[in-house]
Amino acid sequence: MISEGYINKLLSSYIKTPAGQALVKHYRQDVFNGKISSAGTNILSAREMNDLGNKLKDILYTEISGVIPSFVKEGINVSFPKETTDGEYEILVTLTPDSIQRNSLWKEGYPDGVDDIVLLFTTGYKARKSLRGEWHGKSIYSKNFRLPDGFLQRAIDAFNASIANDAEAELGTKYRK
């Protein structure tokens, strides 16, 4: 009689061969392309990966706009899943340059404004003094101090806690505190 353990041992041995690895790669590609179901596996199709990317986009938008009310959801891009060199898949969720750039209150000192308002609010800042300037037609004073805010990491943590598969989001190094 052939036992389950013996069959699993044979399968494990086969998977380690070039032919077995090619079969696994082919299977993963078929799941990715939606040709076969991923039910009962930890492999996601491109559509499922894209849905996760859009879920992360929603969570990011909620967190960012809670700190930066002028931020627009269209400023978050979700890439199509692409295979990495180690056979895994990744989706890049990025912020568009237009969505993170802000005009400066002090146009003489910073004519190009702030390159990345999200980074500035993530890392915090301490200025020598407050600046007075015009923002959306109103005369305002800038804050001269802002503590770092972990709103991006909170979004990543909320996303990772909400999914029940092997997918995982991580914050890009630029935005890590």
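Which residues touch the most other members of the largest nonpolar core? The structure is a predicted model, in which local features need pLDDT of at least 70 and side-chain atom pairs count only at pLDDT 80 or more, whereas totals for chains, interfaces and linings use all residues. Residues are numbered from 1 along each chain as its sequence is written, and side-chain values use heavy atoms, with hydrogens and water left out.

The protein contains 6 helices and 8 strands. Helices (H or I, at least four residues) and strands (E, at least two) are DSSP runs numbered from the N terminus. Along the sequence these elements occur in the pattern α-α-α-β-β-β-β-α-α-β-β-β-β-α. Of the 177 residues, 29% count as buried, where buried means under 20% relative accessible area, exposed over 50%, and partly exposed in between (1.4 Å probe, protein chains only). Contact is defined as heavy atoms within 4.5 Å. Among the contacts with a separation of 6 or more, 49% come from residues 24 or more positions apart.

A nonpolar core is a set of buried Ala, Val, Leu, Ile, Met, Phe, Trp, Tyr and Cys residues joined through side-chain atoms within 4.5 Å. The largest such core has 26 residues, and those touching the most other members are I64, I68, F71, L95, V118 and L152. Helices α3, α5 and α6 each supply at least two residues of this core, and α3 gives the most, with 7 residues. Beyond its neighbours within four places in sequence, L152 is in contact with L60, I64, V118, T122, L171 and Y175.

One of these partners, L171, is placed in the segment after α6. L171 counts as buried because its relative accessibility is 11%. With neighbours within four places again set aside, L171 is in contact with L152, Q153, I156 and R176. The C-alpha atoms of L171 and I156 are separated by 6.8 Å, the two residues being 15 residues apart along the chain.

Two packed helices are described by the angle between their axes and the distance between the axes. Here axes are lines fitted to C-alpha atoms, for helices over the stretch in contact, and angles run from 0 to 180 degrees between N-to-C directions. The axes of α3 and α6 come within 9 Å and cross at roughly 145°. This crossing of α3 and α6 is right-handed; a crossing is right-handed if the near helix is turned clockwise from the far one by less than a right angle, and left-handed if anticlockwise. From α3, the residues L52, K55, L56, I59, L60, E63, I64 and V67 meet F151, L152, R154, A155, I156, A158, F159 and S162 of α6. By class, the contact of α3 with α6 has 12 nonpolar, 1 polar and 3 charged residues. For this count, Ala, Val, Leu, Ile, Met, Phe, Trp, Tyr, Cys and Pro are nonpolar, Asp, Glu, Lys and Arg are charged, and the others, Gly among them, are polar.

Side chains of opposite charge can pair when their charged atoms come close. A salt bridge is taken as a side-chain nitrogen of Lys or Arg within 4 Å of a carboxyl oxygen of Asp or Glu, and the structure holds 5 of them. In the pair of K73 and D58, the closest N and O atoms are 2.6 Å apart. This pair links distant parts of the chain, 15 residues apart, with K73 in the loop between α3 (46–67) and β1 (76–78) and D58 in helix α3. K73 is partly exposed at 29% relative accessibility, and D58 is partly exposed at 36%.

D116 forms a salt bridge with K174, the closest N and O atoms being separated by 3.1 Å. The partners lie 58 residues apart, D116 in the loop between α4 (97–100) and α5 (117–123) and K174 in the segment after α6 (151–162). D116 counts as buried because its relative accessibility is 7%, whereas K174, at 47%, is partly exposed. R176 pairs with E170 at a closest N to O distance of 3.8 Å. R176 is partly exposed at 41% relative accessibility, and E170 is exposed at 63%. In addition, E63, D149 and R154 are joined into one network by salt bridges that share partners.

The loop between α4 and α5 also holds S104. S104 is buried, with a relative accessibility of 10%. Outside its neighbours within four places in sequence, S104 is in contact with Y110 and G113.
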